[in-house]
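Please open the structure in your viewer and keep the sequence panel visible. The tour below proceeds by selection, one stop after another.

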Amino acid sequence: MNAIETKLKGCFILEPSVFEDERGYFFESYNENKMEQILGYKPTFVQDNQSKSSYGVIRGLHMQAGEHSQAKLVRVVEGAVIDVAVDVRPDSPTYGEAVAVELSADNKRQLFIPRGFLHGFSVISDTAVFFYKCDNGYNKESEDGVNPIDADLNIDWQIPAEKMLLSDKDKEAQSFANFKAKNLK
């Protein structure tokens, strides 16, 4: 497995070693010991989630705050997405900066997103099946988020504005300026 640290400390693109032949392919999608070597600690994942979405869907930008904060290991098993992580760790030198990575069934890349990040993705294929592991369970009271098309973040979701499909919750989510003011007090 090849691990590439992004410009956001602790956020890694993971490229598995894929073994292919006429029967298909095999790759190791997770190995606790290798993750410990990459991260410097052993993550304990407690929850797996999966979603299926159609072209133009944007899910996020979401996070769990405080003691319910979550690290995630995400991948796509069908289709392709633009996966986005935004650093919102208060003392981070890259606070407010984002990384965007194409994850697809074809490239088999994964993204490890540490605690303290907003996270979301857009579907750039006809459909996409998105799978992710979390190191902490979901807690509704700890949920936070930002409108994914907030101008201050200026994220290129690679979807034309007229084709974007957002939930009402995401459309009505706070601006990044309000999130920042609330969280950097």
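Begin by selecting K108, in the loop between β9 (98-104) and β10 (110-113). The model is a predicted one. The phi angle of K108 is near 60°, a positive value in a residue that is not glycine. Most residues other than glycine have a negative phi. Is K108 buried or exposed? With 12% relative accessibility, K108 counts as buried, because the cut-off for buried is under 20%.

Select Q158 next, in the loop between β13 (143-145) and α2 (168-171). Q158 is not a glycine either, and its phi is positive, about 60°. Its relative accessibility is 45%, so Q158 counts as partly exposed.

Move now to the peptide bond from G60 to L61. This bond is cis, with omega near 15°. Most peptide bonds are trans. To place the bond in the fold, colour strand β6 (residues 58-64), where L61 is located.

The following stop is N31, in the loop between β4 (24-27) and α1 (32-39). Display its side chain together with that of E28: a polar contact of 3.3 Å joins the two side chains. Which backbone atom does the side chain of N31 reach? It is the backbone nitrogen of N33, at 2.9 Å.

Then select the cysteines C11 and C134 and show their sulfur atoms. A disulfide is a covalent bond between the sulfur atoms of two cysteines. How many disulfides does the structure hold? It holds zero. The reason lies in distance: the cysteine sulfur closest to that of C11 is in C134, and it is 14 Å away, too far for a bond. A disulfide would require the two sulfur atoms to be within 2.5 Å. Both residues are nevertheless hidden from the surface: C11 counts as buried at 0% relative accessibility, and C134 counts as buried at 1%.

Finally, clear the selections and view the whole protein chain. The chain has three helices and 13 strands. Its radius of gyration is 16 Å, close to the 16 Å that the globule rule gives for 185 residues, so the chain is as compact as a globular protein of that length. Along its principal axes, the C-alpha trace spans about 55 × 40 × 30 Å. Of the 185 residues, 47% count as buried. A surface display covers about 9,700 Å² of accessible area, of which 46% belongs to carbon and sulfur atoms.

How values were computed: Residues are numbered from 1 along each chain as its sequence is written. This is a predicted model: local features need pLDDT of at least 70, side-chain atom pairs count only at pLDDT 80 or more; totals for chains, interfaces and linings use all residues. Side-chain values use heavy atoms; hydrogens and water are left out. Buried means under 20% relative accessible area, exposed over 50%, partly exposed in between (1.4 Å probe, protein chains only). Helices (H or I, at least four residues) and strands (E, at least two) are DSSP runs, numbered from the N terminus. A polar contact is a pair of N or O atoms within 3.5 Å; within protein, one must be able to donate a hydrogen and the other to accept it, and residues adjacent in sequence count only if both atoms are side-chain atoms. The radius of gyration is taken over C-alpha atoms; the globule rule is 2.2 Å times the number of residues to the power 0.38. Accessible areas come from the Shrake-Rupley method with a 1.4 Å probe; for residues, only the protein chains shown count as cover.
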